[in-house]
Amino acid sequence: MAQSNFLTLDEVAQNLKVTRQTVSKYIKNNELNAVKINKSYRITTDDFESFITNNSTSEEPQIAYLKRTKNCALNYGEKVDEFEILHAVSTGELKIIEKNHSESENKFIFGDNFLVLKQLLDTYRGKIDLVYIDPPFGTGQHFNSIDDHAAYSDKLVDSEFLEFLRKRLILIRELLSERGSIYLHIDKKIGHYVKIIMDEVFGYHNFINDITRIKCNPKNFARNAYGNYSDMILYYSKNRDEQIWNDITETMSEAKRKELFPKKHPKLGYYTTNPIHAPGKTLDGDTGLEWKGLLPPKGRHWRYNRAVLTELDEQGLIEWSSTGNPRKIVLASEHKGFKIQDVWEFKDRGLSYVDYPTQKNDSLLERIILNSSNEDSIVLDCFAGSGSTLKAAAKLNRKWIGVDNSNHAFEIIKEGLSKENIACNYFEYFSKY
Ligand SMILES: C[S@@+](CC[C@H](N)C(=O)[O-])C[C@H]1O[C@@H](n2cnc3c(N)ncnc32)[C@H](O)[C@@H]1O
């Protein structure tokens with residue numbers, strides 16, 4: 001919005017999400033300044049900017065944040081009014097540069113993600129079910145690939161970085177569907193500030209988890225600190241408890257199987273046994289009565305009615321010890337998997353094993369996509385890097401959109417998708433001026 005260009009009434013209406021008539025009313029009431037060029041009214045971007053500034057008070061956003069957070073907000077000098085971010089004019093357009101299929105999604109857009117997200121709002125407002133982003137971490141470093149290609153620069157730091165991210169998060173919130181959610185990957189140096197920004201943008205009540213991701217092997221630091229071998233993934237929904245939640249479980253590892261189901265049955269496979277009685281005495285019910293010549297131990301009752309116990313025994317699912325003690329057989333094959341907890345181990349592979357610096361693990365992305373999207377969902381990664389999220393989404397039959405502004409990322413994404421026969425349409429954001 002720095003340079004002074006002209007906007008049509010339709011463009012102003014579109015930006016303010018009001019009708020053309022409302023814009024005319026603003027002009028008639030002298031609230032919005034317009035100039036007549038060739039019989040049509042035009043508004044300079046400077047006038048439009050003043051209109052936005054005049055119509056948003058500094059107290060309003062503050063009050064909005066306080067409602068969304070625990071009655072506090074993160075303050076720094078460059079914090080732009082949310083209204084202004086939402087109504088900033090995007091003068092560019094997305095041009096197709098390579099068409100490989102006829103679907104509307106499954107596309108990669110080369111360009112700055114703020115401008116691209118603004119453009120995507122026209123078509124995808126409220127339609128994106130899942131966003132995974134792994135932005136730069138505000139480290140001030142430059143990242144190169146193993147063959148020394150400049151991949152991207154992480155040069156914004158501190159509050160400038162937070163504001164960069166906040167602007168994009170506000171647009172992402174508008175893109176998310178009512179059942180949508182966002183996972184934001186970040187390190188622990190800046191992550192706690194980002195948490196407060198996310199509370200302000202999405203609302204504290206929509207915060208679901210702070211997932212600790214174990215990223216590498218334990219470190220042997222010389223400095224006086226605990227080894228730092230994890231980062232964090234902040235998970236928010238657009239609307240708490242309405243988000244897609246497929247409740248996927250963690251399958252049992254072989255080590256866990258050995259620990260929990262150590263015995264092998266010739267026909268039924270690996271198993272363990274559980275007692276068939278439980279604490280508490282039944283006074284006059286079936287579960288307190290004698291079964292196969294045995295009474296439940298003192299102060300306990302049978303876990304099942306005697307008819308069920310007999311049926312289990314006939315099916316060979318009761319194991320009798322040499323001393324005549326019965327226990328129920330529990331099969332490893334019937335284990336439903338473990339509830340996933342908030343510490344995940346998905347270690348990064350070394351630079352020589354990946355296509356792009358800071359490339360994330362495929363299985364981590366598959367877990368997120370499986371749990372928080374469905375086959376009809378659109379998955380967005382607007383810090384796409386190597387395209388790892390896009391590939392995982394394609395593999396799981398989701399629709400996907402990727403954005404990045406690094407030339408190297410663009411090359412790697414093209415190479416990676418074509419290697420895996422994943423059809424993608426490629427676009428570029430062009431500024432009109
Ligand atoms: C940490 S990397 C993402 C790595 C990715 N998750 C992967 O698995 O390969 C961050 C990416 O964000 C991109 N990026 C940074 N600022 C951007 C911006 N303003 N617009 C678009 N992409 C941006 C960088 O080019 C870089 O590729």
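Helices are taken here as DSSP runs of at least four residues, numbered from the N terminus, and in this predicted model helix H8 is followed by Gly203, whose phi is positive, near 95°. Helix H8 itself covers residues 191-202; at 1.5 Å a residue its 12 residues should span 16 Å, and because its end C-alpha atoms are 16 Å apart, the expected and computed values agree. The helix is mostly covered, with nine of its 12 residues buried. These buried positions comprise Gly191, Val194, Lys195, Ile197, Met198, Asp199, Glu200, Val201 and Phe202, a list in which the charged residues Lys195, Asp199 and Glu200 appear together with nonpolar ones such as Val194 and Ile197.

Val194 of this helix also figures in the largest nonpolar core, which holds 45 residues and in which Leu169, Ile182, Val194 and Leu380 touch the most other members. The element that gives the most to this core is helix H7 (residues 158-175), with nine residues. Around Ile182, when residues up to four places away in sequence are not counted, the contacts are with Val131, Ile133, Leu169, Ile172, Leu176, Met198, Phe202, Leu234, Tyr235 and Tyr236; Met198 and Phe202, both among these contacts, are also among the buried residues of H8. Apart from the largest core lies another, of 30 residues, among them Tyr235, Leu364, Ile369 and Phe410.

At the level of the whole protein chain, the secondary structure comes to 13 helices and 23 strands. The C-alpha trace spans about 105 × 55 × 55 Å along its principal axes, and the radius of gyration is 29 Å, whereas a compact globule of 433 residues would have a value near 22 Å. Of the 433 residues, 46% count as buried, and the accessible surface comes to about 22900 Å², of which 48% belongs to carbon and sulfur atoms. Among contacts between residues at least 6 apart in sequence, 70% join residues at least 24 apart.

One of the sheets is an open one of three strands, in the order S1-S3-S2 and with antiparallel pairing. Strand S1 (6-7) and strand S2 (35-37) stand at the edges, each with a single partner strand, so that one side of each is left without a neighbour in the sheet. Strand S2 pairs with strand S3 (residues 40-44) in the antiparallel sense over three bridges, and within S3 the residue Tyr41 is the bridge partner of Lys36.

Key:
Residues numbered from 1 in each chain as written. Predicted model: local features only at pLDDT ≥ 70, side-chain atom pairs only at ≥ 80, totals over all residues. Heavy atoms only, no water. Core = buried A, V, L, I, M, F, W, Y, C linked by side-chain atoms within 4.5 Å. Buried < 20%, exposed > 50% of the residue type's maximum accessible area, 1.4 Å probe, protein only. Helix = DSSP H or I, 4+ residues; strand = E, 2+ residues; numbered from the N terminus. Contact = heavy atoms within 4.5 Å. Expected span 1.5 Å × (residues − 1). Rg over C-alpha atoms; globule rule 2.2 N^0.38 Å. Areas by Shrake-Rupley, 256 points an atom, 1.4 Å probe, with all protein chains shown as cover. Pairing = 2+ DSSP bridges.
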